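Let's take a walk through a protein model together. Have the viewer ready so you can follow along.

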Amino acid sequence: MAAPTEFLTYIDSKADAFIQRLADAVAIQSVSGDAKRRGEVVRMAHWLDGQLKALGVETKLVDLGKHVMDGVELDLPPAILGSIGNDPKKKTVLIYGHFDVQPANKSDGWDTEPFELVIKENGQLVGRGSSDDKGPILGWLNVLEYHRDNQKPLPVNIKFCFEGMEESGSEGLDELVEKESKAGGYFEGVDCVCISDNYWLNDRTPVLTYGLRGLTYFKVTVSGPGRDLHSGVFGRTVHEPMTDLIHLMGRLVDQQGNILVPGVDEMVPPADDEEKAIYEALDYSISDVESAAGGQISLTSNKVDLLMGRMRNPSLSLHGIEGAFSEPGAKTVIPAKVSGKFSIRLVPPQTPEAVNPLVIEYLKSEFAKLNTKNRLEIEGLHGGKPWVADHKHWNFEAAKRATRSVYKQEPDLTREGGSIPVTLTFAESLGVNVLLLPMGRGDDGAHSTNEKLDRSNFIEGSKLLGSYLYELAAISK
Ligand code: BES
Ligand code: MN
Ligand code: MN
């Protein structure tokens, strides 16, 4: 059953107001990874809670306790649980999204202020969180607004679960989801889950996503001197922590992306021809990846290898070195303590529990080979398991029908390289199908400078989310 035409025209007619609401959301600097902005994440929770209440959703803010970040104890931002409709004859869908965002400073290379939404002439809505993940959350609000303004009942019952710590590993959320999934919990009666927190592969073909990679994130610290040293006085005199660390970091992954930690790549069975055919059929080319990356730097010119590298193989990336000299100028310093950060994206059957011991063992043995008198410390920062769903399920079928009706296109089925830690928790603790239904495009630049959401993706994407609810209502289980 397609969504009412009246709904589609309503979304078009309210586009400017919806974009203004997105601007209001982007203006709240809800960066979960920045201790100084924790108050902004809390403010964002209250803002969203107010919007939901005004649209007729019964909500509650759930205190998730405290956590330690960078050695400081902080209150976790509250999660928002919401509920609208409880007609036993209707299906119940659980909708998840995150209202925290990645850090952004104009000096990172943004053309405009990251927390001021800019509407460009080409229709791009530029601002941090526009695509990841405030735009999609607001898409759901747009759908609710039609039903409130026109006194129309929703076609399904909805439960909401919105969090403010996703970009920092979703701390505290697994426990909440597990608790509320039990009999008598808030999520009782949920038939399926929909998450809109991912992207198309390119800039033209809608997708439905049935897999995400997991993650395990490490911080490796090398220390020795009691304080930073003058390299003129101590160069070639002491073991330098940075020299040791660079050596270790250089032994983790090779230039072709092969993971050098023994046993990690080997855990994943190779793809057979049948699986390779899935990647061959996707609407994706080397130029899509290069234009999204902003450089002609793809690891291979083989499309299948490229897609498998992103979707079904693990990867190891080096992220940064804390404590290293990183200001402009030429300071002749030997840093006393440096911490390398890297992470591994995991695919089935890998889990952080299975991979972490291999990484720790390898780092220790490589460090021992250096014959250094410096000290090594290895910490796991956060992690999450990979997830793969059954894309033949009615939940996906409803989303396919909605995509056809809004975009007049057949969606590609994808697995994604990124991670949303709570996805597998929803699937396992509720025992229901989870669908990822994206709003944005592959070149939106999530986590990057000049993050954007195209106006058409925001508006058509809102229609898509609403249409999905109508298709869900009509489909037989
Ligand atoms: N929306 C992304 C997840 C994602 C990334 C989906 C790429 C599809 C493609 C999410 O907000 C995200 O950034 N997740 C983090 C999780 C991490 C901090 C545990 C990620 O993937 O780095
Ligand atoms: Mn996201
Ligand atoms: Mn993100």
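Here is a tour of a metal site and the ligand beside it in the list.

First, some ground rules: this is a predicted model, where local features need pLDDT of at least 70, side-chain atom pairs count only at pLDDT 80 or more, and totals for chains, interfaces and linings use all residues. Residues are numbered from 1 along each chain as its sequence is written, chains are lettered from A and ligands numbered from 1 in the order written, and side-chain values use heavy atoms, leaving out hydrogens and water.

Start at the manganese ion (ligand 2). His98 (NE2), Asp132 (OD) and Asp197 (OD, listed twice) coordinate the ion at 1.9 to 2.6 Å; donors are N, O and S atoms within 2.8 Å of the metal (3.2 Å for Na, K and Ca), and water is not among the atoms, so sites may look incomplete. Along the chain, the donors follow the spacing H-x33-D-x64-D. His98 sits in strand β5 (residues 92-98) and Asp132 in helix α4 (residues 130-149), so this pair, 34 residues apart, links distant parts of the chain (helices, H or I, at least four residues, and strands, E, at least two, are DSSP runs numbered from the N terminus). Both His98 and Asp132 are buried, meaning under 20% relative accessible area with a 1.4 Å probe, protein chains only.

Asp132 also bridges the manganese ion (ligand 2) and the manganese ion (ligand 3), which lie 3.5 Å apart.

Now for ligand 1. A polar side-chain atom of Asp132 lies 3.1 Å from an oxygen atom of ligand 1, and one of Arg345 lies 2.7 Å from an oxygen atom of ligand 1; a polar contact is a pair of N or O atoms within 3.5 Å, and within protein one must be able to donate a hydrogen and the other to accept it, with residues adjacent in sequence counting only if both atoms are side-chain atoms.

How values were computed
Buried means under 20% relative accessible area, exposed over 50%, partly exposed in between (1.4 Å probe, protein chains only).
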